[in-house]
Structure formats: C-alpha cells, structure tokens
Amino acid sequence: MKEIKIGASFEATTIVNSTNTAITAGSGSLSVFGTPFLIALMEKATCDAVSDFLEDGETTVGTAINISHSKASGIGTVVTAKAVISACSGRKITFDVSATDGNGDIIGSGTIERFAVLADKFMKKVESHEI
C-alpha cells in the first residue's frame with residue numbers, strides 16, 4: 001500500500017428509484033431511499049477514495065460502519081455520498097462519510113472503517129474457511 005493521504009475524498013451519486021428503496025431492500029415498507037443502499041453508496045465512495053493508494057492485487061474490505069440516516073429521500077431524489085479519509089493506522093483506514101440530497105441537505109453521516117488486504121490471499125482464506 002502506498003502512503004495514504006489524509007483528506008483524500010471521493011463522491012458517489014445515485015438517483016432514488018424502485019431498485020433502491022426500503023421496500024426493495026426489505027428494510028422497510030415505504031418507497032424511500034433504503035438505508036442499506038445509503039450505506040452501499042457511502043462504501044462505494046470509500047472504495048473510490050482509497051483506490052489510488054492501493055498496489056496491484058490489493059483491495060479493501062469493510063470492517064466497521066457507524067451511520068445515521070437522518071432524512072428520507074423519495075423517488076427521483078439525487079443522493080450524493082462523500083467519503084473523506086480521516087485516519088490511517090497500518091492497514092486500517094477510517095473515513096468520515098456523509099450524504100446529501102439534491103437540495104444539499106444532509107440525509108446521513110457517520111464513519112466507515114476498511115482494512116487493506118491482498119485480494120488473492122484474502123479469498124484463499126475465505127474459501128478455506130479460515131476467516
């Protein structure tokens with residue numbers, strides 16, 4: 001892994017539609033942006049924020065998520081998640097994450113931790129049930 005730059009960031013955007021609602025995720029009964037999809041969008045932003053610092057064969061895996069989902073977003077709403085690298089300790093990388101709607105209102109925020117791994121080595125452990 002290359003030296004991680006604290007403050008590096010990335011944004012990921014989606015539009016709320018029938019494929020990413022709480023109903024679709026099974027996490028609720030309303031046609032609003034589902035929390036699992038909010039977290040997935042935030043995780044995408046974390047992956048993209050760190051990707052330039054990874055060597056060939058490296059990737060990151062999620063290890064901790066602490067997110068609040070504070071405002072509902074209906075069908076047609078543009079949602080943008082931003083991840084900022086806030087700390088790095090060895091192979092553990094911490095991100096401050098937030099998401100806003102098309103009006104710029106914060107709809108969610110928190111922290112996500114990811115751990116840098118060698119993809120092949122990690123998958124071999126998974127397949128041998130060592131993890």
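In this predicted model, Glu113 is partly exposed, with a relative accessible area of 24%, and its side chain forms a salt bridge with Lys92, the closest N and O atoms being 4.0 Å apart. Glu113 belongs to strand 5 and Lys92 to strand 4, so the pair ties together parts of the chain that are 21 residues apart in sequence. Lys92 is likewise partly exposed, its relative accessible area being 33%. Such pairs rest on a simple principle, namely that side chains of opposite charge can pair when their charged atoms come close.

The structure holds 5 salt bridges, and another of them is formed between Lys71 and Asp101, where the closest N and O atoms are 3.0 Å apart. This pair links distant parts of the chain, since Lys71 sits in the loop between strand 2 (58–69) and strand 3 (78–89), while Asp101 sits in the loop between strand 4 (92–100) and strand 5 (106–118), 30 residues apart. With a relative accessibility of 31%, Lys71 counts as partly exposed; Asp101, by contrast, has a relative accessible area of 9% and is buried, because the term buried applies to values under 20%. Lys71 and Asp101 also belong to one network together with Asp105, joined by salt bridges that share partners.

A salt bridge within a single element is found in helix 2 (residues 35–50), which contains both Asp48 and Lys44, 4 residues apart, or about one turn of the helix. The closest N and O atoms of Asp48 and Lys44 are 2.9 Å apart. Asp48 is partly exposed at a relative accessible area of 24%, and Lys44 is also partly exposed, with a value of 44%.

Considering charge across the protein as a whole, there are 11 positive and 15 negative side chains, and the centres of these two sets lie 3 Å apart.

The elements that carry these residues belong to a secondary structure of 3 helices and 5 strands. Read from the N terminus, the elements follow the order β-α-α-β-β-β-β-α, so that a strand begins the series and a helix ends it. Along its principal axes, the C-alpha trace spans about 40 × 35 × 20 Å. Among contacts between residues at least 6 apart in sequence, 65% join residues at least 24 apart.

With respect to the surface, the protein exposes about 7,200 Å², of which carbon and sulfur atoms supply 51%, and buried residues make up 31% of the 131 residues. One nonpolar patch on this surface, of about 260 Å², is made by Met123, Val126 and Ile131. Ile131 is found in the segment after helix 3 (119–127), and it counts as exposed at a relative accessibility of 60%, because exposed residues are those with a value over 50%.

Terms used
Residues are numbered from 1 along each chain as its sequence is written. This is a predicted model: local features need pLDDT of at least 70, side-chain atom pairs count only at pLDDT 80 or more; totals for chains, interfaces and linings use all residues. Side-chain values use heavy atoms; hydrogens and water are left out. Patches are made of residues with over 30% relative accessible area and no salt bridge: like charges are joined within 9 Å, nonpolar side chains (Val, Leu, Ile, Met, Phe, Trp, Tyr) within 5 Å. Accessible areas come from the Shrake-Rupley method with a 1.4 Å probe; for residues, only the protein chains shown count as cover. Helices (H or I, at least four residues) and strands (E, at least two) are DSSP runs, numbered from the N terminus. Buried means under 20% relative accessible area, exposed over 50%, partly exposed in between (1.4 Å probe, protein chains only). Contact means heavy atoms within 4.5 Å. Lys and Arg count as positive and Asp and Glu as negative; His and the chain ends are not counted. The place of a charge is taken as NZ of Lys, CZ of Arg, CG of Asp or CD of Glu.
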